[in-house]
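Thanks for coming, everyone. Please take a look at the structure on the screen, and I'll walk you through it.

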Amino acid sequence: MTRRLIPILILSVSVVACGGEPQTTSPAPEATAPSHGALDRGLLVAMAVLGRTPDGKPQTLPARLGLLTRGDDGWAYREIEDPDSNVFHKAMVYRPRPDGPGGILTAGGTGAFLKWWVPGAEPEVLWSEDFGGKTSRMRDIETGDLDGDGVEEIAVATHDQGIVAVVDPTDDGGWNVTKLDHRPGIFVHEIELGDLDDDGTLEIYATPSTPNKLDGSPQPGWVTRYVPATGEGPTDVVDLGTDHAKEILVDDVDGDGTDELYVSVEAVSGGRVRILRVEADTDPAAAPVIATLDDTLTRFLTAGDIDGDGDREMVAAGKSSGLWLLRPGADPNGPWVMTSIDRDSGGFEHAALLTDLDGDGIDELYVADDDDHEINRYVWADGTFVRETLYTHPDGLSGFTWNLMPAPVALMP
């Protein structure tokens, strides 16, 4: 394991206000100055970075994890690398047992490594495998008590053999891997946990599809459910026909006390991105469309309370169309109210996260604007969003930011 520190302290930041109706395209005006003060939580920035060989050809570099924190003097950024993989698809906090140690869980690709980084110890490999396809990636992870035993299990999706698995800590300190599905020639892009039928048991939702295509040809896909506690699955809950989804969100956005499933359907084969809303009894072939975006990809949906009124909102991050705020209307299955947050933010993944790092009870929006090589923070103020640039990659970012997640500073490697 190699640690690569970048001693950069950001003492000044640029701030602009962003908002307006969806058709707004003019540059946002200058706004108020950013807040300061140390925070005990920061951001995990999961990345894949490319370099060049001596003859100028692209070359993948070791998986890179950025650690973004705020001290008394402003935001600071450093990185660690893992030579076992060339991409971190995700990093998140993981504490298997309430009375046990916590650390940072990472999902790496090529090679496929699931690792747990506990402070003061070398990272522990929980699962590593060559799946037998062209590439082997731990593509997405989520954690939750999937069987009601009081222990947090890890749900994992992989490329490129269509594996959905549960990794369970054992009483003797080991790790048990149970594969719920294995479909050769299939990619699984996303994992979400939730309880759509409100029976108190967590379900796993995944997005299998045929292999990736960006040439406009069809790439059929589904959203599939697994229920480890009852042995159910795989069950297709959304049939996308010749289309597919790489991003889903399970959350109670409409505030009725029960989770819903939101599906971002890609438009690489033509048309517009569609966001579907799915409940427990929704017909798999007839999920209502709550929003459309004039874009080809929208690979991040995130939910939270942006203004402290107790109602949740959703943010959709489009590849080229920018950031969008979505609010449910009187009929949550009808069209939602859409407002442009920032048309100038973008990226192939365009990682976005609503979370409350400063502990004021209101969620801030954090976004990796890979097009401009920045990580930005948006705070709701006086009916609009105010943008604060937290970090700019000094040499640009030749690669992708795959995910942003919150973490206590004390648990960061």
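One definition before we go to any residue: the strands here are DSSP runs of E, at least two residues each, numbered from the N terminus. With that numbering, Asp198 sits in the loop between β15 (187-194) and β16 (203-209). Keep in mind that this is a predicted model.

Stay with Asp198 for a moment. Which residues join Asp198 in a negative surface patch? They are Asp197, Asp199 and Asp256.

Now to charge pairs. Side chains of opposite charge can pair when their charged atoms come close. How many salt bridges does a search of the whole structure find? The count is 22. I'll pick out a few.

Start with Asp181 and Arg183. Their side chains form a salt bridge, 2.9 Å from N to O. Is Asp181 buried or exposed? Asp181 has a relative accessible area of 11%, so it is buried.

Next, Asp243 and Arg274. Here too the side chains meet in a salt bridge, at 2.9 Å from N to O. Asp243 lies in the loop between β18 (232-239) and β19 (245-251), while Arg274 is in strand β21 (residues 273-278), so this pair ties together parts that are 31 residues apart in sequence. Asp243 is partly exposed at 22% relative accessibility. Arg274 is partly exposed as well, at 27%.

The third pair is Glu266 and Lys246. In this salt bridge the closest N and O atoms are 3.6 Å apart. The pair links distant parts of the chain, 20 residues apart. Glu266 is in the loop between β20 (260-265) and β21, and Lys246 is in strand β19. Glu266 has a relative accessible area of 5%, so it counts as buried. Lys246 is buried too, with 8% relative accessibility.

That pair has company. Which residues are linked with Lys246 and Glu266 in a network of salt bridges? Arg299 and Glu349 are.

On to the backbone. Most residues other than glycine have a negative phi, and most peptide bonds are trans. Let me show you some exceptions.

First topic, cis bonds. The peptide bond from Thr110 to Gly111 is cis, with omega near 5 degrees. Where is Gly111? Look in the loop between β8 (103-109) and β9 (113-117). Another cis peptide bond joins His159 and Asp160, and its omega is about -5 degrees. Asp160 belongs to the loop between β12 (153-159) and β13 (164-169).

Second topic, positive phi. His350 has a phi near 60 degrees, and it is not a glycine. Find His350 in the loop between β26 (337-342) and β27 (352-355). His350 has 0% relative accessible area, so it is buried. His373 also has a positive phi, near 60 degrees. His373 lies in the loop between β28 (364-369) and β29 (374-381). Is His373 buried or partly exposed? With a relative accessible area of 29%, His373 is partly exposed.

Let me finish with three residues and their surroundings.

Thr143 is in strand β11 (residues 137-144). Why does Thr143 count as buried? Its relative accessibility is 19%, and the cut-off for buried is under 20%. Setting aside residues up to four places away in sequence, Thr143 touches Met92, Tyr94, Leu105, Glu152, Glu153, Ile154 and Leu193.

Lys319 is in the loop between β24 (313-318) and β25 (323-327). Lys319 is partly exposed, at 27% relative accessibility. What does Lys319 contact, leaving aside neighbours within four places in sequence? Its contacts are Asp295, Thr296, Leu297, Gly346, Gly347, Phe348 and Asp371. Now compare sequence with space: Lys319 and Pro332 are 13 residues apart in sequence, and their C-alpha atoms are 25 Å apart.

Last stop, Asp40. Asp40 is in the loop between β2 (15-18) and β3 (41-52). Asp40 counts as exposed, with a relative accessibility of 61%. Not counting residues up to four places away in sequence, Asp40 touches Ala407, Pro408 and Val409. How far apart in space are Asp40 and Met92, C-alpha to C-alpha? The distance is 16 Å, with their positions 52 residues apart in sequence terms, that is, 52 residues apart. Met92 came up before, as one of the residues that Thr143 touches.

That's my tour. Over to you.

Note on methods. Residues are numbered from 1 along each chain as its sequence is written. This is a predicted model: local features need pLDDT of at least 70, side-chain atom pairs count only at pLDDT 80 or more; totals for chains, interfaces and linings use all residues. Side-chain values use heavy atoms; hydrogens and water are left out. Helices (H or I, at least four residues) and strands (E, at least two) are DSSP runs, numbered from the N terminus. Buried means under 20% relative accessible area, exposed over 50%, partly exposed in between (1.4 Å probe, protein chains only). Contact means heavy atoms within 4.5 Å. Patches are made of residues with over 30% relative accessible area and no salt bridge: like charges are joined within 9 Å, nonpolar side chains (Val, Leu, Ile, Met, Phe, Trp, Tyr) within 5 Å. Accessible areas come from the Shrake-Rupley method with a 1.4 Å probe; for residues, only the protein chains shown count as cover. A salt bridge is a side-chain nitrogen of Lys or Arg within 4 Å of a carboxyl oxygen of Asp or Glu. Lys and Arg count as positive and Asp and Glu as negative; His and the chain ends are not counted. The place of a charge is taken as NZ of Lys, CZ of Arg, CG of Asp or CD of Glu.
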